[in-house]
Amino acid sequence: MTAGNPGKARGFRTRRPAAAVFDALGAEYERAFAASAAHRESLERLLADLAPRSRVLDVGSGTGRPTAQTLAAAGHRVLGVDVSPVMTALAARQVPTAEFRCADVRDLLLSEGEFDAVCVYFSLLQMERGEQRELLERLVRSLRPGGLLVAATVPVDAAGVDAVFMGQPVRVSSFGAEEFTALITRAGVVVEWEHSALFTPDHPAGAPEPHLFLHGRRH
């Protein structure tokens with residue numbers, strides 16, 4: 001299954017807290033998903049649509065690579081948020097030109113229209129479905145009108161399913177592709193681009209998983 005990167009399953013309600021899962025994985029997660037061409041393509045598309053010096057929120061920022069690093073290197077002002085202290089510390093070292101906070105995004109104070117873009121790469125999967133809906137609505141409200149939302153998920157119909165991710169026990173909730181797209185639309189986003197891919201993490205426990213990437217703009 002899948003912080004700010006594909007396959008991540010970040011934020012799952014699990015028998016172990018999400019922070020413990022990703023503290024245990026650390027840089028191993030980054031290595032396992034470094035070869036995701038679909039994630040890179042998504043970032044390239046986002047860069048093409050962003051104005052200079054845009055303010056970007058990276059939800060589930062993980063080790064900071066590739067999302068925060070790519071955006072910061074292009075001159076954008078990046079705030080990364082991740083629940084894992086280990087991941088957050090790695091990100092701060094690897095991407096010193098971005099800002100990182102160790103926090104649960106569900107508790108983060110978000111102001112109306114404060115961001116030009118919000119990235120949610122595989123960072124909803126450890127949340128219950130209702131929490132995902134509520135958070136997406138809050139994240140969209142934190143975008144300026146016309147601001148960009150980039151979201152990626154593992155598009156499967158799952159509600160509180162126990163699974164193992166890179167050797168770590170997790171509890172996963174997600175939506176099928178059509179339902180997830182509808183969720184984004186209902187939150188106030190016009191979807192402009194979507195891309196599906198199959199990716200196998202570079203890890204002994206890695207198995208092929210579907211990935212769905214959506215790009216859209218706030219009304």
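# A tour from helix H7 outward

Helix H6 (129–141), strand S5 (143–153), strand S8 (189–199) and strand S9 (209–218) are among the elements that cover the buried residues of H7. The model on your screen is predicted.

**Stop 1: helix H7**

Select residues 177–186, which form helix H7, and show the side chains. Its buried residues are Phe180, Thr181, Leu183 and Ile184. Because these residues span an arc of only 155° around the axis, they sit on the same side of H7. Now turn the helix over. Which exposed residues does the face turned away from the buried side carry? They are Glu178 and Arg186.

Step just past the end of H7 and pick Gly188. This glycine has a positive phi of about 110°.

**Stop 2: the largest nonpolar core**

Keep Phe180 and Ile184 selected, and add Leu57, Val118, Val120, Leu139 and Leu149. These seven touch the most other members of the largest nonpolar core, which has 27 residues. At least two core residues come from each of strand S1 (55–59), strand S2 (77–82), strand S4 (115–121), H6, S5, H7 and S9. Which element gives the most to this core? H6 does, with 4 residues. As a general point, nonpolar side chains in soluble globular proteins tend to be buried together.

Centre the view on Val118. Leaving out residues up to four places away in sequence, Val118 touches Leu57, Val59, Leu139, Ser142, Leu143, Leu148, Leu149 and Val150. Another core, of 24 residues, lies apart from the one just visited; Phe100, Tyr121, Leu125 and Phe213 are among its members.

**Stop 3: Thr153 and Phe122**

Next, select Thr153, which is found in strand S5. Is Thr153 buried or exposed? Thr153 counts as buried, because its relative accessibility is 1%. Neighbours within four places in sequence aside, Thr153 is in contact with Phe122, Leu125, Ser174, Phe180, Pro210, His211 and Leu212. Phe180 in that list is one of the buried residues of H7 from the start of the tour.

From Thr153, move to Phe122, in the loop between S4 and H6. Phe122 has a phi near 60°, which is positive although the residue is not glycine. Its relative accessibility is 0%, so Phe122 counts as buried.

A second residue of this kind is Met166. Its phi is near 50°, again positive in a residue other than glycine. Look for Met166 in the loop between strand S6 (158–165) and strand S7 (168–174). Met166 is also buried, at 7% relative accessibility.

**Stop 4: a β-α-β unit**

Switch to a cartoon view and colour S2, helix H5 (residues 85–94) and strand S3 (residues 99–102). S2, H5 and S3 make a right-handed β-α-β unit. In which sense do S2 and S3 pair? They pair in the parallel sense, over 4 bridges. To find one such bridge, select Val81 and its partner in S3, Arg101.

**Stop 5: the cysteines**

Now show the sulfur atoms of Cys102 and Cys119. How many disulfides does the structure hold? It holds 0 disulfides. The closest cysteine sulfur to that of Cys102 belongs to Cys119 and is 19 Å away, so the two are too far apart for a bond. Cys119 is likewise in no disulfide, with the sulfur of Cys102 as its nearest cysteine sulfur. In general, a disulfide is a covalent bond between the sulfur atoms of two cysteines.

Add a surface to compare where these two residues sit. Cys102 is partly exposed, with a relative accessible area of 43%. Cys119 is buried, with a relative accessible area of 0%.

**Stop 6: a cis peptide bond**

The last selection is Arg65 together with Pro66. The peptide bond that runs from Arg65 to Pro66 is cis, with omega near 10°. Pro66 is located in the loop between S1 and helix H4 (67–73), and Arg65 lies in the loop between S1 and H4 as well. With a relative accessible area of 28%, Arg65 is partly exposed.

To finish, add Phe33 to the selection and draw a distance between the C-alpha atoms of Arg65 and Phe33. These residues are 32 residues apart along the chain, and their C-alpha atoms are separated by 9.8 Å.

Terms used. Residues numbered from 1 in each chain as written. Predicted model: local features only at pLDDT ≥ 70, side-chain atom pairs only at ≥ 80, totals over all residues. Heavy atoms only, no water. Buried < 20%, exposed > 50% of the residue type's maximum accessible area, 1.4 Å probe, protein only. Arc of directions from axis to C-beta. Contact = heavy atoms within 4.5 Å. Core = buried A, V, L, I, M, F, W, Y, C linked by side-chain atoms within 4.5 Å. Disulfide = S-S within 2.5 Å. Pairing = 2+ DSSP bridges. Right-handed = clockwise from strand over helix to strand, strands pointing away.
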